[in-house]
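Open the model in your viewer and keep the sequence panel visible. The stops below go from one selection to the next.

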Amino acid sequence: FILRNFTQRDFWDAVGNFDALPYWKELEIPVLVMYGSDDSNVPAEASKARLESLNKTNIQVNIYEGSEHALQDPPGKGDSIFRDEALMDIKEFINSVE
């Protein structure tokens with residue numbers, strides 16, 4: 001328990017203050033960013049707002065209601081693995097950039 005928590009703390013101390021926004025500003029290729037609304041690791045709405053503040057048309061941000069970090073089906077729906085809606089969005093995104 002102590003070793004695991006110590007390691008996680010070291011990791012988050014190292015990367016917790018990393019700001020990826022300058023790198024997002026430089027991206028010119030089409031990008032699909034996918035968040036789960038119930039993700040306890042990544043604040044979906046705040047992350048979406050930060051990306052949208054760049055006003056870049058090449059960045060598409062989708063938030064999936066009821067999903068967590070792994071974009072699984074919401075509780076009580078589907079097979080609780082990876083939601084079909086997200087798979088379809090990935091397929092459509094890939095087809096749109098070919």
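A salt bridge here is a side-chain nitrogen of Lys or Arg within 4 Å of a carboxyl oxygen of Asp or Glu. The model is a predicted one, and by this rule it has four salt bridges.

**Stop 1: R50 and D19.** Select R50 and D19, which form a salt bridge with their closest N and O atoms 2.8 Å apart. R50 sits in helix 3 and D19 in the loop between helix 1 (2-15) and helix 2, so the pair ties together parts that are 31 residues apart in sequence. R50 is partly exposed, at 41% relative accessibility. D19 is partly exposed too, with a relative accessible area of 35%.

**Stop 2: E52 and K48.** Stay on helix 3 and select E52 and K48, a salt bridge whose closest N and O atoms are 3.9 Å apart. The two residues are four apart in helix 3, which means that about one helical turn separates them. E52 is partly exposed, with a relative accessible area of 45%, and K48 is partly exposed at 23%.

**Stop 3: the buried residues of helix 3.** Now select A44, S47 and L51, the buried residues of helix 3 (residues 44-52). Look down the axis of helix 3: its buried residues fall within an arc of 70 degrees, so they line one face of the helix. To see what covers them, display helix 2 (21-26), strand 1 (31-36) and strand 2 (59-64), which are among the covering elements.

**Stop 4: E28 and K56.** Select E28 and K56, whose side chains meet in a salt bridge at 3.6 Å, N to O. E28 lies in the loop between helix 2 and strand 1, and K56 in the loop between helix 3 and strand 2, so this pair ties together parts that are 28 residues apart in sequence. Is each partner buried or exposed? E28 is exposed, with a relative accessible area of 64%, whereas K56 is buried, with a relative accessible area of 18%.

**Stop 5: D39.** Finish in the loop between strand 1 and helix 3, where D39 is found. D39 counts as buried because its relative accessibility is 12%, and buried means under 20%. Show the polar contact from the D39 side chain to the backbone nitrogen of V42, at 3.1 Å. Then add S67, E68 and H69, which D39 contacts when its neighbours within four places in sequence are left aside. For a C-alpha distance, pick D39 and Y64: these residues are 25 apart along the chain, and their C-alpha atoms are separated by 9.8 Å.

Definitions and conventions: Residues are numbered from 1 along each chain as its sequence is written. This is a predicted model: local features need pLDDT of at least 70, side-chain atom pairs count only at pLDDT 80 or more; totals for chains, interfaces and linings use all residues. Side-chain values use heavy atoms; hydrogens and water are left out. Buried means under 20% relative accessible area, exposed over 50%, partly exposed in between (1.4 Å probe, protein chains only). The arc is that of the directions from the helix axis to the C-beta atoms. Contact means heavy atoms within 4.5 Å. A polar contact is a pair of N or O atoms within 3.5 Å; within protein, one must be able to donate a hydrogen and the other to accept it, and residues adjacent in sequence count only if both atoms are side-chain atoms.
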